[in-house]
Amino acid sequence: MGQLIYTFTVEDTDEIIPKVKEDYGDKALIITNKQIRPKTINRPAIYEVMVAIEESDYEEHLKKTGKPLPPKKATGTKVEPKNEAKELKEEDEDVVLDFSNKATQPKQSERKSGLSGNFPKSKINPSPNFDDFKERLSEVSSEISKVTGTALPVEPNTPNYGKKIESFEKQINKLSDKVNLLVDMMWDDKSEARKNLIIPPEFASIYKQAKESGMLESHLEAIMKATIENMPAAMKTNSEAVQRYFHSLLRNILPCRIESEIKKQKIMMLVGPTGVGKTTTLAKLAFRYAYGDKRYKTGIITLDTYRIGAVEQLFQYAKMMKLPIIDSIEPRDLDEAIKSLSNCEVILVDTIGNSQYDQNKLAKTKEFLTHSNAEIDVNLVISANTKYEDLMEIYKNFSFLGIDTLIITKFDETKVFGNIFSLIYEVNTPLSFFSVGQEVPDDIEAANSDFLVRCILEGFNKGKNNE
């Protein structure tokens, strides 16, 4: 058995060690590496690498990897000088020099250059298309898999080997980060439709998250533009800093009304379309005020005499919580009902559930407000699983009631919250409460912009989002 000499070419010196490990095994020794073609605008640099390995060690490596054994080479073969014009035509085949005691000379075809002329188009075309981009990404991903899935060759006699490992690991981490950025950038292959908005690589991940949330495209583009233009330059190259800045920007766009201590009688009227959970939400709020950390004397008024089942359900809740409840049938009776609960610090008013297009029932609710002299806080209850266009219709048709805050329900019945963001972006009405589940009385939360931003960008996870 003799010693074998191989040469191959790479475009980046960081590729040398992983390729040696993959192709020749742990026991291969790098003899030289040198640049044989400089980098230009249209093509990468080329580096030639020469490695040596004992023939027995190489055959053992090939058996482990399942690769076929190479044909036997002759003695004393010299490496031919590289000719650049020739390199781009020849196949990608290793030069093999065998220093065993054999007399026959290798054929000319067995001493070809290690440079392949079959470049992927993305390497030689100054304007690669999307398919070329994906091909390059696949190559980079493959290299990462090879490197991270195997151990580095050991060079115990090299004093700075520990530093080499550390440097190599840093390069791998950087390469991995770049691949993640490329993946996010490739996710949206319709960038030409973004009205000339250029998304920097470091912004690709947050752009992807926001777009998947379902927020209106025009809103997303306006926010991305504001972020890109106003974010400090020093932060723009750090994807984590971009994430934090974008979170902060979204939080500032989402107004929430901070719940303060109640010092005078508070009357909350819940309005909204059928099926959004007004009655259940009212029951949760009643328990929160009556039995929360700060307890208030709480009473309930229901104006919904159309749905007998809903009225009975609310009366049952009030009975279990030992709270007074009054049903008011006519608009002129509302003030009298409020007066009957004058000892209560909080009064919750349940209203008729109706479609946003049912003008008669909407007008009836307006009558209750018009005939009352009390100061009433009107809260529009909407469901998180309603599409944006319908949310805008609901808000538009209920807005004549004078909406003070929004209460969002059914967080647990959807995975996208961009529709809620876009609604608030348009109407700029503050949020007061979130109903995050079906359990009475537990699943109610005071509105929190940070909570909603996490739901928008990461989806709703009851345990995670409440941390």
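Of the 467 residues in the chain, 44% are buried, where buried means under 20% relative accessible area, exposed over 50%, and partly exposed in between (1.4 Å probe, protein chains only). This is a predicted model, in which local features need pLDDT of at least 70 and side-chain atom pairs count only at pLDDT 80 or more, while totals for chains, interfaces and linings use all residues. Residues are numbered from 1 along each chain as its sequence is written, and side-chain values use heavy atoms, with hydrogens and water left out.

The secondary structure comprises 17 helices and twelve strands; helices (H or I, at least four residues) and strands (E, at least two) are DSSP runs, numbered from the N terminus. Among the contacts in the chain with a separation of 6 or more, 71% are between residues 24 or more positions apart; contact means heavy atoms within 4.5 Å.

**Salt bridges**

Side chains of opposite charge can pair when their charged atoms come close. Searching the whole structure gives nine salt bridges, each defined as a side-chain nitrogen of Lys or Arg within 4 Å of a carboxyl oxygen of Asp or Glu. The table gives some of them.

| Salt bridge | Closest N and O atoms |
|---|---|
| K19 with D23 | 2.8 Å |
| R251 with D450 | 3.2 Å |
| K264 with E375 | 3.4 Å |

The partners K19 and D23 are four residues apart in helix α1 (residues 16-24), and are therefore separated by about one helical turn. K19 counts as partly exposed because its relative accessibility is 26%. D23, with a relative accessible area of 17%, is buried.

The closest N and O atoms of the salt bridge between R251 and D450 are 3.2 Å apart. This pair links distant parts of the chain, with R251 in helix α9 (residues 239-253) and D450 in helix α16 (residues 449-458), 199 residues apart. R251 is partly exposed at a relative accessible area of 27%, and D450 counts as partly exposed at 26% relative accessibility.

The salt bridge between K264 and E375 has its closest N and O atoms 3.4 Å apart. Here too the pair links distant parts of the chain: K264 is in the loop between α9 and β5 (266-271), and E375 is in the loop between α13 (359-370) and β9 (377-383), 111 residues apart. K264 and E375 are both exposed. Elsewhere, R251, D450 and R454 are joined into one network by salt bridges that share partners.

**Packing of α7 against α16**

Two packed helices are described by the angle between their axes and the distance between the axes. For helix α7 (residues 204-212) and α16, the axes come within 7 Å and cross at roughly 95 degrees. Axes are lines fitted to C-alpha atoms, for helices over the stretch in contact, and angles run from 0 to 180 degrees between N-to-C directions. Angles under 35 degrees count as roughly parallel, over 145 as roughly antiparallel, 65 to 115 as roughly perpendicular and the rest as oblique; α7 and α16 are therefore roughly perpendicular to each other.

On the α7 side, I206, Q209 and A210 meet I456, L457 and E458 of α16. The residues of this contact divide into four nonpolar, one polar and one charged. Ala, Val, Leu, Ile, Met, Phe, Trp, Tyr, Cys and Pro count as nonpolar, Asp, Glu, Lys and Arg as charged, and the others, Gly among them, as polar.

**Nonpolar cores**

In soluble globular proteins, nonpolar side chains tend to be buried together. A nonpolar core is a set of buried Ala, Val, Leu, Ile, Met, Phe, Trp, Tyr and Cys residues joined through side-chain atoms within 4.5 Å. The largest has 62 residues, of which I301, L380, L406, I408, F411, F434 and L452 touch the most other members. Helix α16 gives the most to this core, with six residues. Not counting residues up to four places away in sequence, L452 touches L254, F411, I420, I424, L431 and F434. Another core, of 24 residues, lies apart from it and includes I262, L282, A290 and I444.

**Two single residues**

M321 lies in helix α11 (residues 308-321) and is buried, with a relative accessible area of 9%. Leaving aside neighbours within four places in sequence, M321 is in contact with A283, A286, F287 and Y291. The C-alpha atoms of M321 and F287 are 7.0 Å apart, with the two positions 34 residues apart in sequence numbering.

K39 sits in the loop between β2 (29-37) and β3 (46-54) and counts as exposed, at 65% relative accessibility. Residues up to four places away in sequence not counted, K39 touches P44 and A45. K39 and E11 are 28 residues apart along the chain, and their C-alpha atoms are separated by 9.0 Å.
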